[in-house]
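This briefing is meant to be read beside the sequence and the coordinates. It takes up the ligand surroundings, two backbone details and the sheet.

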Amino acid sequence: TTPVILDCDPGHDDVFAIWLAAAHPAIDLRAITTVAGNGSLAHTTLNARIACTVAGIHDVPIAAGADRPLEGELHVAADIHGANALGGPALPEPDVALDDRSAVELMRDVLTEASEPVTIVPTGPLTNVATLLRQHPELLARIARIVWMGGSTGRGNSTPYAEFNAWTDPEAVHETIASGVDVTMVGLNISHQALVTADVRERVRATGTRTGAFGFELMEFFCAAYAQVEGMPDAPLHDPITVAMVADPAVATMVRTRVDVELTGTHTRGATSADLLGVVPGERNANVALDLDVDRFWSMIVDAVAALR
Ligand code: BDR
Ligand code: CA
């Protein structure tokens, strides 16, 4: 099994990433850390605890991290995720506690205590990860790899060329890649292959679990929001593709290439330049996920929801 720290900003699709990481037998989920992104830190942290409460995940520490990007203001994604970042279902009172440590302290402890390097899976802005790398450069060798949902090989979703997680904290993307850690970018180009069709929603509901019922309501809200905002009635379930790739590398293809993030562009701040042409000078510094085995991915999601309570 692969030891994993999941760093997230739940968020509808982040919830499925938590569930897949907790349920998949190939993953040993050691910690969940939260960051401001889809909602305020207070909301994303509460939502992580709710995701664990619904699914009966009681053995994973949860710690809160950064409440804003390294630079600039936070702009939450309330149009897609609702005012509480988890619109749709009635939310239960959480029955899992928040760890006393900060996200960076919890990551530090997990990395230090593990007997092997740990994989970090961020599904939100990279603020916590970049802060960890700033404060603890000595822990770089303890990180096996980083598999991040963010960026795009093509167009964006927050601005014409910037994806939300990259656009929220471009400096954090730059610092993470520049650290030399093994980074995989799971961007919109692949996440838009994971479309939540009516058939997918029905399979999630048909699991008959409490998690499935809650997940179905999340998907209904998420699809309605995407229909409204992006004219896409089958929303893309971005975040859990990262977890799926860690659990089963056969679920997606990737290429090694050069990735740079735009920090100063007049209209393109937060855009990721992924050199699929092989023309940009400089070393190949990242892996870029390309093609998703869609059936395999949805089977993993449905199996996870069925295995939880
Ligand atoms: C990313 O932004 C968030 O809204 C989602 O949770 C996902 O991490 C997609 O651009
Ligand atoms: Ca997210």
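In this predicted model, 15 residues surround ligand 1, and those that come nearest are Gly 11, Asp 13, Ala 77, Phe 164 and His 238. The eight strands of the sheet described below form an open arrangement with mixed pairing.

**Ligand surroundings**
- Two helices, α1 (12–23) and α6 (164–168), each contribute at least two residues to the shell around ligand 1.
- Sorted by class, the shell around ligand 1 consists of four nonpolar, seven polar and four charged residues.

**Backbone details**
- Gly 11, one of the residues nearest ligand 1, sits in the loop between β1 (2–8) and α1, and the peptide bond leading to Gly 11 from Pro 10 is cis, with omega near -15°.
- Ala 85, in the loop between α3 (78–81) and α4 (103–113), has a positive phi near 70° although the residue is not glycine.
- Ala 85 counts as buried because 25 C-beta neighbours lie inside 10 Å, where 20 or more are required.

**Sheet and covering helix**
- The strand order is β3-β2-β1-β4-β5-β6-β10-β7, with β3 (62–64) and β7 (252–257) as the edge strands, each pairing on one side only.
- On average, and with direction ignored, neighbouring strands of this sheet are turned by 25° against each other.
- Within the sheet, β5 (143–149) and β6 (183–186) pair in the parallel sense over four bridges, and Ile 146 stands opposite Val 183 in β6.
- Helix α11 (240–247) lies across β1, β2 (27–34), β4 (118–122), β5, β6, β7 and β10 (286–292), and runs at about 145° to β5.

Technical notes. Residues numbered from 1 in each chain as written. Chains lettered and ligands numbered in written order. Predicted model: local features only at pLDDT ≥ 70, side-chain atom pairs only at ≥ 80, totals over all residues. Near = placed C-beta within 6 Å. Nonpolar A, V, L, I, M, F, W, Y, C, P; charged D, E, K, R; others polar. Buried ≥ 20, exposed ≤ 12 C-beta atoms within 10 Å, placed from the backbone. Pairing = 2+ DSSP bridges. Axes fitted to C-alpha atoms, helices over the stretch in contact; angles between N-to-C directions. Contact = placed C-beta atoms within 7 Å.
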